[in-house]
Amino acid sequence: MMNDSIVPSLLVKFRFIDEKKSEIALLTFEQYSNIKDLPITKECKIVKNEKPTLSKRDVAAINKKIASLSKSHTQTLSE
């Protein structure tokens, strides 16, 4: 049986503080939660009937950035 949080199934519109325009990507619930919780996220919401503006490769790059941000944030909290 597959875990629902692993299969990208949410169409999410998000924008970071330093970005001028929002992006739309097909994300897993975990990815959505991670982006929503970042302090640099200005907007993050689930949308319908919109075309993704990010490819799977773009989403993978964002995941790497989130992982490194989470790691540095966790280290700062534990110091």
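How do β1 and β3 pair, and over how many bridges? They pair in the antiparallel sense, over five bridges. That's a handy place to start, but keep in mind that what you're looking at is a predicted model.

So how far can you trust it? The mean pLDDT of the chain is 82, and 81% of its residues reach 70 or more. Confidence isn't spread evenly, though: β3 has the highest mean in the chain, at 95, while α2 has the lowest, at 72. Where pLDDT is low, the predicted coordinates should not be read in detail.

Now the overall layout. The chain has two helices and three strands, and if you walk from the N terminus you meet them in the order β-β-α-β-α. Of the 79 residues in the chain, 28% count as buried.

Let's go strand by strand. β1 covers residues 10-16 and β2 covers residues 23-27. The two form a hairpin, with six residues between them, and they pair in the antiparallel sense over five bridges. If you want to find the register by eye, look for V12, which stands opposite A25 in β2. Another marker is F14, whose bridge partner in β2 is E23. On its other pairing, β1 meets β3, and there K13 stands opposite K45. Put together, β1 pairs with β2 and also with β3.

What about burial? Five of the seven residues of β1 are buried, so β1 is largely enclosed by the rest of the structure. β2 is mostly covered as well, with four of its five residues buried. As a general reminder for reading any such sheet, side chains in a regular strand alternate between its two faces.

β3 spans residues 41-46, and T41 belongs to it. Is T41 buried or exposed? T41 counts as buried because its relative accessibility is 16%, and the cut-off for buried is under 20%. A polar atom of the T41 side chain lies 2.5 Å from the backbone oxygen of I35.

Further along β3 you'll find K45, the residue opposite K13 in β1. K45 counts as partly exposed because its relative accessibility is 42%. K45 also forms a salt bridge with E43, with the closest N and O atoms 3.9 Å apart. Side chains of opposite charge can pair when their charged atoms come close. The structure holds one salt bridge, and E43 with K45 is that pair.

Just before β3, in the loop between α1 (29-37) and β3, sits I40. I40 counts as partly exposed because its relative accessibility is 34%. With I17 and L69, I40 forms a nonpolar patch on the surface, and together the three have about 240 Å² of accessible area.

One last stop is N49, in the loop between β3 and α2 (56-78). N49 counts as exposed because its relative accessibility is 82%. Along the chain, N49 and L11 are 38 residues apart, yet their C-alpha atoms are separated by 8.6 Å.

Conventions: Residues numbered from 1 in each chain as written. Predicted model: local features only at pLDDT ≥ 70, side-chain atom pairs only at ≥ 80, totals over all residues. Heavy atoms only, no water. Buried < 20%, exposed > 50% of the residue type's maximum accessible area, 1.4 Å probe, protein only. Pairing = 2+ DSSP bridges. Patch = residues over 30% accessible without salt bridge, like charges linked within 9 Å, V, L, I, M, F, W, Y side chains within 5 Å. Areas by Shrake-Rupley, 256 points an atom, 1.4 Å probe, with all protein chains shown as cover. Salt bridge = Lys/Arg side-chain N within 4 Å of Asp/Glu carboxyl O. pLDDT = per-residue confidence, 0-100. Polar contact = N/O pair within 3.5 Å; in protein donor to acceptor, adjacent residues only side chain to side chain.
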